[in-house]
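The following exercises concern a single protein model. Please read each task, attempt it, and then compare your reasoning with the worked solution.

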Amino acid sequence: TDHTVLLLDEPTASLDATNRDVVIELIRAKKRQGVALLGIFHDGEVRDAVADRIIDVSGFAPAKAAA
């Protein structure tokens, strides 16, 4: 696509190693084109292969409900 921003939610989940590598290369190609990417990755190898910045959200907590 020609979108300027891509939102990725586990883009390599349930893929075999060959197809995972294809998707990683597609993501890298978009980055080279200047596309902004925001993704959720549980696979550390994939995340490390494509991420420029990592925000660990495991410590985030929902805000308290208003009284």
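**Exercise 1. State how much surface the protein exposes, and describe its overall form.**

Solution. Step 1: the exposed surface is about 5,500 Å², and carbon and sulfur atoms supply 55% of it; accessible areas come from the Shrake-Rupley method with a 1.4 Å probe, and for residues only the protein chains shown count as cover. This is a predicted model, in which local features need pLDDT of at least 70 and side-chain atom pairs count only at pLDDT 80 or more, whereas totals for chains, interfaces and linings use all residues. Residues are numbered from 1 along each chain as its sequence is written, and side-chain values use heavy atoms, with hydrogens and water left out.

Step 2: the protein contains two helices and two strands, where helices (H or I, at least four residues) and strands (E, at least two) are DSSP runs numbered from the N terminus. Along the sequence they follow the pattern β-α-β-α. The radius of gyration, taken over C-alpha atoms, is 15 Å, well over the 11 Å that the globule rule gives for 67 residues, so the protein is more spread out than a compact globule. That rule is 2.2 Å times the number of residues to the power 0.38.

**Exercise 2. Identify the residues of the largest nonpolar core and the elements that supply them.**

Solution. Step 1: a nonpolar core is a set of buried Ala, Val, Leu, Ile, Met, Phe, Trp, Tyr and Cys residues joined through side-chain atoms within 4.5 Å. Buried means under 20% relative accessible area, exposed over 50%, and partly exposed in between (1.4 Å probe, protein chains only).

Step 2: nine residues form the largest core, namely Leu-6, Leu-8, Val-23, Ile-24, Ile-27, Val-35, Phe-41, Val-46 and Val-50. Strand S1 (5-9), helix H1 (17-32) and helix H2 (44-50) each supply at least two of them. The largest share, three residues, comes from H1.

**Exercise 3. Is Thr-12 buried or exposed, and which residues does Thr-12 touch?**

Solution. Step 1: Thr-12 is found in the loop between S1 and H1. Because its relative accessible area is 6%, Thr-12 is buried.

Step 2: leaving out residues up to four places away in sequence, Thr-12 touches Arg-20, Val-23 and Val-46; contact means heavy atoms within 4.5 Å.

Step 3: Ser-14 lies in this loop between S1 and H1 as well, yet Ser-14 is exposed, with a relative accessible area of 82%. The phi of Ser-14 is near 65°, a positive value in a residue other than glycine. Most residues other than glycine have a negative phi.

**Exercise 4. Determine how many salt bridges the structure holds, and examine two of them.**

Solution. Step 1: a salt bridge is a side-chain nitrogen of Lys or Arg within 4 Å of a carboxyl oxygen of Asp or Glu. A search of the whole structure finds five.

Step 2: Glu-45 pairs with Arg-20, the closest N and O atoms being 3.6 Å apart. This pair links distant parts of the chain, with Glu-45 in helix H2 and Arg-20 in helix H1, 25 residues apart. Glu-45 is exposed, at 58% relative accessible area.

Step 3: Arg-32 pairs with Glu-25, with 2.7 Å between the closest N and O atoms. Arg-32 is exposed, with a relative accessible area of 60%, whereas Glu-25 is partly exposed, at 35%.
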